[in-house]
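Got the viewer open and a hand on the mouse? Let's walk through this model together, one selection at a time.

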Amino acid sequence: MIEELFIAKNDLSVLKQQYMFQAQAPSNIALVKYWGKKPHQIPANPSISFTLSNCHTTTKIIFNQKKKSLATFEVFFEGAKKNSFKPKLQTFFERIAPYVPFLAAFDMEIHTSNSFPHSSGIASSASGMAAMAHCIMQLEKTLDTQISEDYFYQKASFLARLGSGSASRSIKGNVVVWGENESIPKSSDLYGVPFPFELHTNFKNYKDTILLVDKGEKQVSSTVGHQLMHQHPFAKQRFEQAHDNLKKMTSILQNGDLDAFIALVESEALTLHAMMMTSLPYFILMKPNTLKILESVWAFRKETGLKLCFTLDAGANVHLLYPTYQEKQINDFITRELAAYCQNNHYICDSLGSGTHAI
Ligand code: DP6
């Protein structure tokens, strides 16, 4: 089992009383979507994403040698104790325990904050879990100085995945593939790998403007949505299609064909939401303004020929993707026409980033 490679040595003979590590991890936006999973956070299909830059989580973990027989943890969000984060973190710690046995020697104090507003409808689980995983790997590297850089990042992504699947794609690289696919050598269901080919210059510093259509809590969580793919009538075809789309995307990202990129990205976004609408129970996460934006984007593209397209997460917000060299005209259009569809005219400007780093 390849998972066994990720079991840390557990030599605790020299242990300091306290360690502290910090990491900053970005969010990411999937181009080919992960929707559906098998046990142990194994994806039902491979996915590929752009790593973001401005939307990120900063996390500091203080590891204190434990006082009682059972290790404990406390979590603080933007300075205040946040017990509602505990169940998800508890599950994360239980899942990663076999791979990081040294954690059992510590009580943890976790301090975390996001660069984006908390109630923005932007999922913080990808950036949050990636930052946690990176801090834990910094501790592992301190306890076992022999581990290589490759191992560090692979395992950080492996641990992040156990917290949240999409978090595996927030660790390293500006374009990341998670899940086995024949077009990507060394791709794995266990961790994300940086896109191994030269990215066409059209995609360098690609832009993502996130239109905050609905900042409220979603009615259906991603976790529930993934589960609904189990009895889904179109699941098999969808998983096959995602494999195909990933292969196509692998070529597009190298040849820079922006029309093909737009067609594939928008189709993936709508397919994701079509899966939601055709599961049992069915649900819709788009809002009326989401649709208005999609129509405006199509009309704008027809009129101007500019390479603006949209993608969607599991929510009502819209990610607008476009090349840097068309930034000016597209930004004018966003402020002039699309901002009005956002809650309080609020949107976030982001672009391609490179992953998680220690701070
Ligand atoms: C629609 O990674 O949030 O954003 O593994 O249950 O934490 P869990 O799910 P999560 O699912 C993300 C789904 C998505 C598509 C994507 O990012 O690929």
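The tour starts with the whole chain and then moves to a pair of helices. Keep in mind that this is a predicted model.

**Stop 1: the two domains.** Colour residues 3-198 as domain 1 and residues 204-351 as domain 2, following the domain assignment of the chain. If you place a marker at the C-alpha centre of each domain, the two markers will be 25 Å apart.

**Stop 2: where the domains meet.** Now select the residues in contact across the boundary: 36 belong to domain 1 and 44 to domain 2. Between them, the two domains bury about 3,300 Å², and 67% of that area is on carbon and sulfur atoms. Which residues of domain 1 lose the most area to domain 2? Show Leu31, Lys33 and Trp35 as sticks: these three together make up 25% of what the domain 1 side buries.

**Stop 3: a helix pair.** Next, select residues 235-255, helix α5, and residues 258-277, helix α6. Their axes lie 10 Å apart, and the helices pack at an angle of about 160°. Angles over 145 degrees count as roughly antiparallel, so α5 and α6 are roughly antiparallel. Turn the view to look across the pair and you can follow α5 passing α6 in a left-handed crossing.

**Stop 4: the side chains between them.** On α5, pick out the residues that meet α6, including Arg238, Ala242, Met249 and Leu253. Their partners on α6 include Phe261, Leu264, Glu268 and Met275. Colour the contact by class and you will find nine nonpolar, three polar and three charged residues.

Technical notes: Residues are numbered from 1 along each chain as its sequence is written. This is a predicted model: local features need pLDDT of at least 70, side-chain atom pairs count only at pLDDT 80 or more; totals for chains, interfaces and linings use all residues. Side-chain values use heavy atoms; hydrogens and water are left out. Axes are lines fitted to C-alpha atoms, for helices over the stretch in contact, and angles run from 0 to 180 degrees between N-to-C directions. Helices (H or I, at least four residues) and strands (E, at least two) are DSSP runs, numbered from the N terminus. Angles under 35 degrees count as roughly parallel, over 145 as roughly antiparallel, 65 to 115 as roughly perpendicular and the rest as oblique. A crossing is left-handed if the near helix is turned anticlockwise from the far one by less than a right angle, and right-handed if clockwise. Contact means heavy atoms within 4.5 Å. Ala, Val, Leu, Ile, Met, Phe, Trp, Tyr, Cys and Pro count as nonpolar, Asp, Glu, Lys and Arg as charged, and the others, Gly among them, as polar. Domain bounds come from an automatic or database domain assignment. Buried area is the accessible area (1.4 Å probe) that two parts lose on being put together, summed over both.
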